[in-house]
Amino acid sequence: MAKIDPAERFSPDAVRKAEGGEKKPGPVKLGKIAQQVAAQYRRDTMSPVMVAGVLRLVEFAILFVSGMALFAYYVGLSTHLYWHYPVIIACVSLATVIGLEFFDCYQVPALMRPTKYVGRIALVWAGAFAIVAIAGFVFKISEDFSRLLFGLWFVVGLGLLLAVRMVMARMIRRWARNGRMERRAVIVGGGNAAEGLIRSIEQQPYNDIRICGIFDDRDDKRSPPIVAGYPKLGNIAELIEFARIARIDMLIVSLPLTAESRVLSLLKKLWVLPVDIRLSAHNNQLQFRPRSYSFIGSVPLLDIFDKPINDWDSVAKRAFDIIFSIVGIIVFSPIMLLTAIAIKLDSRGPVFFKQKRHGFNNEEVEVYKFRSMYVEQSDPTAKKTVTKNDPRVTRVGRFIRKTSIDELPQFFNALFGSLSLVGPRPHAVAAQSHNLLYTEVVDGYFARHRVKPGVTGWAQINGWRGEMDTDEKIKMRTEYDLFYIENWSLWLDLKILVLTPIRLLNTENAY
């Protein structure tokens with residue numbers, strides 16, 4: 001049978017064009033059981049990817065430090081080869097970490113059962129030494145190095161690797177028991193297909209999946225309230241609310257791929273969530289390209305959506321925010337000080353203005369700005385947008401809004417973590433266009449909130465800033481925000497940050 005690429009059938013574009021997507025928002029209330037389950041999973045978990053990444057760094061450091069310590073003790077730092085040894089020790093340590101990665105020794109099953117992988121670890125460690133020995137022979141420098149040193153390091157390094165692995169296994173088992181390290185999954189779709197999928201996942205040894213419940217739009221006759229011991233917690237609309245309370249990592253859609261229209265309709269509702277979305281390929285007769293699959297043990301899944309800016313990317317972005325926020329606060333502190341004085345002299349009231357806005361995963365965050373309106377006419381909900389020559393805006397307010405100086409306090413939001421420096425601009429929770437909430441204007445609007453909002457963004461440097469007085473402007477801003485999310489990189493963040501002050505010179509739409 002010819003292999004099919006599901007990217008064409010279930011691509012983001014196909015999902016967004018599907019019918020039956022995000023409906024106009026209405027009050028959604030979780031059932032009592034769903035609320036209790038969601039409350040259990042409010043706390044963030046430790047990502048296995050992050051744990052494995054830290055272990056790589058720890059093992060490299062242990063091997064390098066132990067090698068250098070033996071070198072300093074047995075050979076001494078005064079040798080004429082004082083710089084050759086550190087290079088060789090670093091190369092052996094790095095080759096070992098790369099080899100362990102190649103032999104899957106950083107996967108969760110390997111971390112939980114180190115004794116089963118002793119042979120692989122010893123083989124990789126010996127292989128790294130063999131590579132260096134061969135290189136020394138080829139370049140005719142092996143006789144210059146201490147065989148005693150490298151013999152001792154081989155024994156000590158192997159012992160340290162195994163000791164670290166034993167300690168890590170105990171820690172991971174403890175984290176798995178208390179829910180600190182796990183991937184939380186929700187099954188979408190019930191019935192026999194969901195039961196077969198759950199049984200298969202549970203049979204996989206040492207997997208890190210915790211199934212939190214089942215959601216299905218079908219009634220209890222077609223989709224039983226209990227499947228494989230897990231309760232049906234609600235319908236798809238309730239799932240979206242559930243996933244915004246509980247820290248869910250993955251949604252697994254358990255529907256036959258032949259029901260393409262229903263699958264696309266479900267995905268269109270779910271893609272706004274900042275989670276991995278997978279299609280179960282369990283018991284599926286269609287064959288897809290190997291690169292399309294991911295696995296829970298031996299259970300195949302089709303990767304449809306990945307959580308954006310996840311794991312190490314989120315660490316890099318957070319470091320970017322902290323560094324450049326501190327730089328921004330230092331550079332713009334004279335302007336902020338002068339602005340605060342001008343505001344106090346111009347009108348009575350506080351210098352700063354706080355406003356509730358939509359943040360990551362649709363949570364409300366409090367954003368800081370310099371006050372630009374008269375106190376008695378301020379609008380914390382932003383239900384009425386600011387227009388040209390708006391009488392609510394003070395004299396100083398007009399200037400700082402036009403130059404975006406009023407946004408400078410948001411460097412502190414980015415430093416403390418409620419905002420990112422670069423991302424979709426956060427809108428006020430009650431922001432409207434022609435008496436319609438933005439969510440009612442743009443289908444899939446909440447997909448903007450799959451990442452942390454930013455002080456500046458891709459839409460802003462492309463001209464979509466200021467008053468959102470037409471539906472078209474809101475839709476275009478959302479399109480640019482979604483492009484940013486789907487194409488994020490640190491280089492893109494840096495480009496946006498550099499271009500922001502240049503593009504702010506265009507004040508046509510800033511009032």
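**Exercise 1. Helix α7**

Task: In this predicted model, find which residues of α7 are buried, and compare the span of α7 with the expected one.

Solution.
- Step 1. The buried residues of α7 are Leu149, Phe150, Trp153, Gly157, Leu158, Leu161, Val164, Arg165, Met168, Ala169, Ile172 and Trp175.
- Step 2. Consider the helical repeat. An α-helix has 3.6 residues a turn, so residues three or four places apart point the same way.
- Step 3. Now take the length. Helix α7 covers residues 147-177, which is 31 residues. At 1.5 Å a residue the helix should span 45 Å. Its end C-alpha atoms are 45 Å apart, so expectation and model agree.
- Step 4. Look past the helix end. Gly179 follows α7 and has a positive phi, near 80°.

**Exercise 2. Helix α3 and the nonpolar patch**

Task: Describe α3 from its start, then determine which elements give two or more residues to the nonpolar surface patch.

Solution.
- Step 1. Begin at the start of α3. There a side-chain oxygen of Ser47 comes within 3.2 Å of the backbone nitrogen of Val49.
- Step 2. Check the span. The 27 residues of α3 should cover 39 Å at 1.5 Å a residue, and the end C-alpha atoms are 39 Å apart, so the two agree.
- Step 3. Sort out the buried residues. Among them are Pro48, Val51, Ala52, Leu55, Glu59, Leu63, Met68 and Phe71.
- Step 4. Turn to the surface. Val49, Val54, Leu57, Val58, Trp312 and Val315 form a nonpolar patch with about 480 Å² of accessible area together.
- Step 5. Assign the patch to elements. α3 (48-74) and α11 (312-346) each give two or more residues. The largest share, four residues, comes from α3.
- Step 6. Test one member. Leu57 sits in α3. Its relative accessible area is 56%, so Leu57 is exposed; the cut-off is over 50%.

**Exercise 3. Strand order and hairpins**

Task: Give the order of the eight-stranded sheet, name its edge strands, and follow the pairing of β9 with β10.

Solution.
- Step 1. The open sheet runs in the order β3-β4-β2-β1-β5-β6-β8-β7, with mixed pairing.
- Step 2. The edges are β3 (226-227) and β7 (293-296), each paired on one side only.
- Step 3. Take the β3 edge. β3 pairs with β4 (residues 230-234) in the antiparallel sense, over two bridges. Ile226 has Pro231 of β4 as its bridge partner.
- Step 4. Inspect the loop between β3 and β4, where Ala228 lies. Ala228 is not a glycine, yet its phi is positive, about 55°. Ala228 is buried, because its relative accessible area is 14%, under the 20% cut-off.
- Step 5. Move to β9 (residues 352-358) and β10 (residues 364-370). These strands pair antiparallel over seven bridges. Phe353 is bridged to Lys369, and Lys354 stands opposite Tyr368.
- Step 6. Close the hairpin. Five residues lie between β9 and β10, and Asn361 takes a positive phi near 60°.

**Exercise 4. Salt bridges around Arg278**

Task: Trace the network that includes Arg278, then look at a salt bridge of Asp217.

Solution.
- Step 1. Get the total: the model has 20 salt bridges.
- Step 2. Arg278 forms a salt bridge with Asp276, the closest N and O atoms being 4.0 Å apart. Asp276 is buried at 17% relative accessible area, and Arg278 is buried at 8%.
- Step 3. Arg278 also meets Asp306 in a salt bridge, 2.7 Å from N to O. That pair links strand β6 (residues 276-280) to the loop between β8 and α11, 28 residues apart. Asp306 is partly exposed at 46%.
- Step 4. Join the pieces. Shared partners connect Asp276, Arg278, Asp303 and Asp306 in one network.
- Step 5. Compare another pair. Asp217 and Lys269 form a salt bridge at 3.6 Å. Asp217 is in the loop between β2 (209-215) and β3, and Lys269 is in helix α10 (residues 260-270), so the pair ties together parts 52 residues apart in sequence.

**Exercise 5. A buried aspartate**

Task: Is Asp493 buried or exposed, and which side chain does it contact at 2.6 Å, starting with Lys317 or Tyr484?

Solution.
- Step 1. Asp493 belongs to helix α17 (residues 490-503).
- Step 2. Its relative accessibility is 0%, so Asp493 counts as buried.
- Step 3. The Asp493 side chain makes a polar contact of 2.6 Å with the side chain of Lys317. A polar contact with the side chain of Tyr484 is also 2.6 Å.

Terms used: Residues numbered from 1 in each chain as written. Predicted model: local features only at pLDDT ≥ 70, side-chain atom pairs only at ≥ 80, totals over all residues. Heavy atoms only, no water. Patch = residues over 30% accessible without salt bridge, like charges linked within 9 Å, V, L, I, M, F, W, Y side chains within 5 Å. Areas by Shrake-Rupley, 256 points an atom, 1.4 Å probe, with all protein chains shown as cover. Salt bridge = Lys/Arg side-chain N within 4 Å of Asp/Glu carboxyl O. Buried < 20%, exposed > 50% of the residue type's maximum accessible area, 1.4 Å probe, protein only. Expected span 1.5 Å × (residues − 1). Polar contact = N/O pair within 3.5 Å; in protein donor to acceptor, adjacent residues only side chain to side chain. Pairing = 2+ DSSP bridges.
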